[in-house]
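Thanks for making time this morning. I would like to walk you through the empty spaces and one surface feature of a model, so please have a look at the sequence and the structure first.

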Amino acid sequence: MIKFFRKIRQKLLSENKFSKYLIYAIGEIVLVVIGILIALQINNWNENRKTDNIKQNYYSQIIFDLDKETKNIEERVLFLDSCITSVDNYFGKMKRPNLETTQILVELLKVRLTFQYLSFNTNTIGTLESTGEIKLLPEKIRNSLIELKGEQELISSRAKGNYTNYLNGYSKADELGLRRIQYSNPSVKDLDIEKNIPEIILTLEAAISLKNYTDKSIRNYFNEMLQDISNIKELIHNEMNKK
């Protein structure tokens, strides 16, 4: 093809047809430019297709993670509900007048004292941030995912601090003899645990009050988070359906 064009140019020059040669040369340049533009367009199309495939893969993984997160949160909400009900029932019974310490202790030992440290699945979002590929996602989805991750980290940090304080209170009650009372064996030589019962009750009540406040706060956060997750999934599904 190049030899063909060269022969045409040489023929026009040998025949002193400079004007025709000039027109031909310009035409050849235009063809070359058009060829380059077509090549660039094809390259851009291929790059866009690769980018779109990468985004689609990330969308699928994010949806998978969010579905797991939804299930995880729903299970935790059920657990929190049971803990909150247990504590609320206890303080409801404490409104009765003239309760003996032994009666209070019996009810206190019925309270659900367990808790769960919070953990969230942020692997995909973390990968997107660390690789910089989060910039591939539309701004609204990108910002929503970053805000969700930030919210999860904030909730985890606050809950960890409160639950640590709760454990400290529980440990203090334990040092005063709570564990022996739980196992109905308070009497040991040189240990007058019965005299500690009022302090055990007050210490444990303060601890479970903090835990109950934390549980309720987390439950509220979780309910808001479920709505946020639902909104993000809707945004992602809309993007996936554009393909």
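Which residues line the largest cavity? Before I answer, please keep in mind that this is a predicted model, in which local features need pLDDT of at least 70, side-chain atom pairs count only at pLDDT 80 or more, and totals for chains, interfaces and linings use all residues. Residues are numbered from 1 along each chain as its sequence is written, and side-chain values use heavy atoms, with hydrogens and water left out.

The largest cavity is lined by I62, D65, L66, E69, N121, T124, I125, L145, L148 and Q152. By a cavity I mean a set of points, on a 1 Å grid over the protein atoms alone, where a 1.4 Å probe fits but cannot get out, whereas a pocket is an open set with protein on both sides within 12 Å along at least five of seven lines; in either case lining residues have an atom within 4 Å of a point. The volume of the largest cavity is about 70 Å³, a volume being the space filled by probe spheres set on the points, which are joined across faces, edges and corners. Helix 2 (18-93), helix 4 (123-131) and helix 5 each supply at least two residues of this lining, and the largest share, four residues, comes from helix 2. Helices here are DSSP runs of H or I with at least four residues, numbered from the N terminus.

The search of the whole structure finds two cavities of 30 Å³ or more. The second largest cavity holds about 50 Å³ of space, and its lining consists of R76, F79, L80, F115, Q116, L118, Y163, D215, I218 and F222. Helix 2 and helix 7 each supply at least two residues there.

Turning to the open spaces, the largest pocket contains about 150 Å³, and its lining is K140, S144, E147, L148, E151, D228, N231, I232 and L235. Helix 5 (139-175) and helix 7 (197-241) each contribute at least two of these residues, with the largest share, five residues, coming from helix 5. L148 is therefore a residue to look at twice, as it lines the largest cavity as well as the largest pocket, lining being defined by an atom within 4 Å of a point.

Finally, on the surface, I36, L37 and L40 make a nonpolar patch of about 290 Å², and L40 has its place in helix 2.

Conventions: Patch = residues over 30% accessible without salt bridge, like charges linked within 9 Å, V, L, I, M, F, W, Y side chains within 5 Å. Areas by Shrake-Rupley, 256 points an atom, 1.4 Å probe, with all protein chains shown as cover. Salt bridge = Lys/Arg side-chain N within 4 Å of Asp/Glu carboxyl O.
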